[in-house]
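Hi everyone, thanks for making time today. I'd like to walk you through a structure that is new to most of you, one spot at a time.

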Amino acid sequence: MTLQPFEVINPDGAGPVVIICEHASAHIPAVYDDLGLAPDDLKSHAVWDPGALNLSLKLSKALDAPVVASAVSRLVYDCNRPPEAPSAMPPQSELINVPGNAGLTASARQRRTQAVYQPFCRAVSDVLDKRGPGTIVVTVHSFTPVYFGEPRRVELGLLHDEDSRLVDLMLDHAGKLPNRKVACNEPYGPADGVTHSLKLHAISRGLANVMIEVRNDLLATEEMAAGMALDILALLIPAVNELNEKELAV
């Protein structure tokens, strides 16, 4: 099987940020026969992060940032999970069963890892390794407003793992967004296994980083997505500038 599991947008972007969008696409290659999903489930948040790629592109334009985006569904392989994690190819996502992921053999998992995850990771590495040590890694995601029947009040989550430098500075500016419900390590956090990309691509290189999570109903229209991008930039740009000043002062 030959598939292109990623795309790199604005690869020569000269800004300080590199954007990673691991759940950008709902595409399930024909070889996987829709993973046995029901038609309605193929449109759900289980398959991808609605609005995340559009938001990534708006941030990329404002920041002149390269974007590395997955080109296949997170249910084929979740590029924010390591190969050994069951959630890399989950047999169930929230309330949705994924028959095509049930009972996968070790060899089947390995084939998907080689077809999707490894090329995606190489693409990210290629972009990062061409840049200087001051690069900022930003991963962009969206989340469902209701999860297991429980509404989520958070609108914008800023997630970190062991390196909180950038998130701390962004949170210092959260007062600029009095009408946004901004939270740290919500609706997920490191204990949920969602910071794999931050650890693999950023922390391993000593690069400051943030995982951005936006409630997907707030990305439903172009106007809403543009507004959210501006709000994120209001936190991110001064934080990046302050981080650079601190690094230079050392």
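Let's begin with Leu 95, which sits in the loop between strand E4, residues 92-93, and strand E5, residues 96-97. Before we go on, please keep in mind that this is a predicted model. Is Leu 95 buried or exposed? Leu 95 is exposed, because its relative accessible area is 62%, and the cut-off for that word is over 50%. Leu 95 also has company: together with Tyr 147 and Phe 148 it makes a nonpolar surface patch of about 320 Å².

Glu 94 is in that loop between E4 and E5 too. Here the label goes the other way: Glu 94 has a relative accessible area of 15%, so it counts as buried, the limit being under 20%. Have a look at its backbone as well, since the phi of Glu 94 is near 50°, a positive value in a residue other than glycine.

Where else can you find a positive phi? Asp 33 has one, again near 50°, and again in a residue that is not glycine. You'll find Asp 33 in the loop between E2 and H1. Asp 33 is exposed, because its relative accessibility is 61%.

While we are in that part of the chain, let me point out Ser 25. This serine is in the loop between strand E2, residues 17-21, and helix H1, residues 52-63. At 15% relative accessibility, Ser 25 counts as buried. Which backbone atoms lie by a polar atom of the Ser 25 side chain? One is the backbone nitrogen of His 27, at 3.0 Å. Another is the backbone oxygen of Ala 71, at 3.3 Å. If we set aside residues up to four places away in sequence, Ser 25 touches Val 47 and Trp 48, and also the residues Ser 70, Ala 71, Val 72, Ser 73 and Arg 74.

Now for a second serine, Ser 197, placed in helix H4, which covers residues 196-202. Ser 197 is buried, because its relative accessibility is 1%. What does its side chain join up with? The partner is the side chain of Glu 22, through a polar contact of 2.6 Å. Glu 22 also appears among the contacts of Ser 197 beyond four places in sequence, along with Cys 79, Asn 80, Thr 139 and Ala 202.

Next, please find Arg 152, in the loop between strand E8, residues 150-151, and strand E9, residues 156-159. Buried or exposed, this arginine? Arg 152 is buried, because its relative accessible area is 13%. Leaving out residues up to four places away in sequence, Arg 152 touches Phe 143, Thr 144, Pro 145, Tyr 147, Pro 187, Tyr 188 and Arg 215. You may recognise Tyr 147, one of the residues in the patch with Leu 95. For a sense of distance, Arg 152 and Arg 122 are 30 residues apart in sequence, and their C-alpha atoms are 34 Å apart in space.

One last stop, and it follows from that contact list, which includes Pro 187. Pro 187 lies in the loop between strand E10, residues 182-184, and H4. What kind of peptide bond joins Glu 186 and Pro 187? It is a cis peptide bond, with omega about 0°.

That's my tour, and I'm happy to take questions.

Methods. Residues are numbered from 1 along each chain as its sequence is written. This is a predicted model: local features need pLDDT of at least 70, side-chain atom pairs count only at pLDDT 80 or more; totals for chains, interfaces and linings use all residues. Side-chain values use heavy atoms; hydrogens and water are left out. Patches are made of residues with over 30% relative accessible area and no salt bridge: like charges are joined within 9 Å, nonpolar side chains (Val, Leu, Ile, Met, Phe, Trp, Tyr) within 5 Å. Accessible areas come from the Shrake-Rupley method with a 1.4 Å probe; for residues, only the protein chains shown count as cover. A salt bridge is a side-chain nitrogen of Lys or Arg within 4 Å of a carboxyl oxygen of Asp or Glu. Helices (H or I, at least four residues) and strands (E, at least two) are DSSP runs, numbered from the N terminus. Buried means under 20% relative accessible area, exposed over 50%, partly exposed in between (1.4 Å probe, protein chains only). A polar contact is a pair of N or O atoms within 3.5 Å; within protein, one must be able to donate a hydrogen and the other to accept it, and residues adjacent in sequence count only if both atoms are side-chain atoms. Contact means heavy atoms within 4.5 Å.
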